[in-house]
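I opened this one to go through the sheet and the aromatic rings. Notes below, in the order I looked things up.

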Amino acid sequence: MVDCARIQKELVDCNKDKGISGISVTLDGDEFTHLTGTITGPVGTPYEGGIFQIDIQMPGEYPFEPPKMRFLTKVWHPNISSQNGAICLDILKDQWSPALTLKTALLSLQALLSAPEPGDPQDAVVAQQYLRDYPTFAGTARYWTETFAKRSSMGIEEKVQKLVEMGFPDVLVRKTLEIVGGDENMALEKLCTG
């Protein structure tokens, strides 16, 4: 059975300094078994400016087993599958410890974006490109970040209108959308929970 109290505490920890860490986690539904994590792309990397969503499945044996994570946002990286978002990272496998947390795991993913390990790839094609033609790799990674991980400011008025039609005040909707980086679903959740 999932330790809901620990996960709830970890959610608070992940979200308390998201402006600094670039990390946040939300419940996906009412259960503590399915979460969605968000990390920002590290400065000085091809992922800079990107906002990456991670699907998190919490096993019943957590924290004695690692959470199962995969990128929902498409990313061009040697240790992340460009096809299905699977991640090759030791702490999500055999190097997991119950002392680690969701925040530690998400910070490790952020660090992985800064320091790829092409010698232990999840995506061999990307790893080969990284090793043989770094400028092309960096250009492709930047292009994927622009295409899949950057939230466009276009459409913000449509989001505002949709949320105002649900009965929320315009000023509050705009402020909430700004806080969550334009993510309509996160804004709705925040508006509903107060």
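What follows are my entries on the strands, one residue within them, and the ring pairs.

**Entry 1, the sheet.** I'm working with a predicted model. I went to the strands to begin with and found 4 of them in an open sheet, ordered β1-β2-β3-β4, with antiparallel pairing. I then checked the edges: β1 (23–27) and β4 (68–71) sit there, each with a single partner strand, so each has one side without a neighbour in the sheet. I also looked up the twist, which averages 25° from one strand to the next. Reminder to self: strands of a sheet pair through backbone hydrogen bonds, either parallel or antiparallel.

**Entry 2, β3 against β4.** How many bridges join β3 to β4? I get 4, with β3 covering residues 51–57 and the two strands running antiparallel. I picked out Ile56 and looked for its bridge partner in β4, which turned out to be Met69.

**Entry 3, Thr38.** I moved to β2, residues 34–40, and stopped at Thr38. Is Thr38 buried or exposed? Its relative accessibility is 8%, and the cut-off for buried is under 20%, so I put Thr38 down as buried. Next I listed its contacts, leaving out residues up to four places away in sequence: Gly22, Ile23 and Ser24, then Ile51, Phe52 and Gln53. Of these, Ile23 and Ser24 fall in β1 (23–27), while Ile51, Phe52 and Gln53 fall in β3 (residues 51–57).

**Entry 4, ring pairs.** I counted 8 aromatic pairs. One of them is Tyr130 with Tyr134, edge-to-face, at 5.3 Å centre to centre and 85° between the planes. I noted Tyr134 as partly exposed, at 39% relative accessibility. Another edge-to-face pair is Trp144 with Phe148, where I read 5.5 Å between centres and 75° between planes. I also have Tyr47, Phe52 and Phe71 down as a cluster linked by ring pairs. Phe52 is a name I already had from the Thr38 contacts.

**Entry 5, back to Trp144 and Phe148.** Where do these two sit? Both are in helix α5 (residues 134–149), 4 residues apart, so about one helical turn separates them. Their accessibilities went into the notebook too: Trp144 counts as buried at 15%, whereas Phe148 counts as partly exposed at 37%. Last, I checked what lies over the face of Phe148 and found Lys74, at 5.8 Å from the ring centre.

Notes
Residues numbered from 1 in each chain as written. Predicted model: local features only at pLDDT ≥ 70, side-chain atom pairs only at ≥ 80, totals over all residues. Heavy atoms only, no water. Pairing = 2+ DSSP bridges. Axes fitted to C-alpha atoms, helices over the stretch in contact; angles between N-to-C directions. Buried < 20%, exposed > 50% of the residue type's maximum accessible area, 1.4 Å probe, protein only. Contact = heavy atoms within 4.5 Å. Phe/Tyr/Trp six-rings, centres within 6.5 Å; stacked < 30°, edge-to-face > 60°. Lys NZ or Arg CZ within 6 Å of the ring centre and 35° of its normal.
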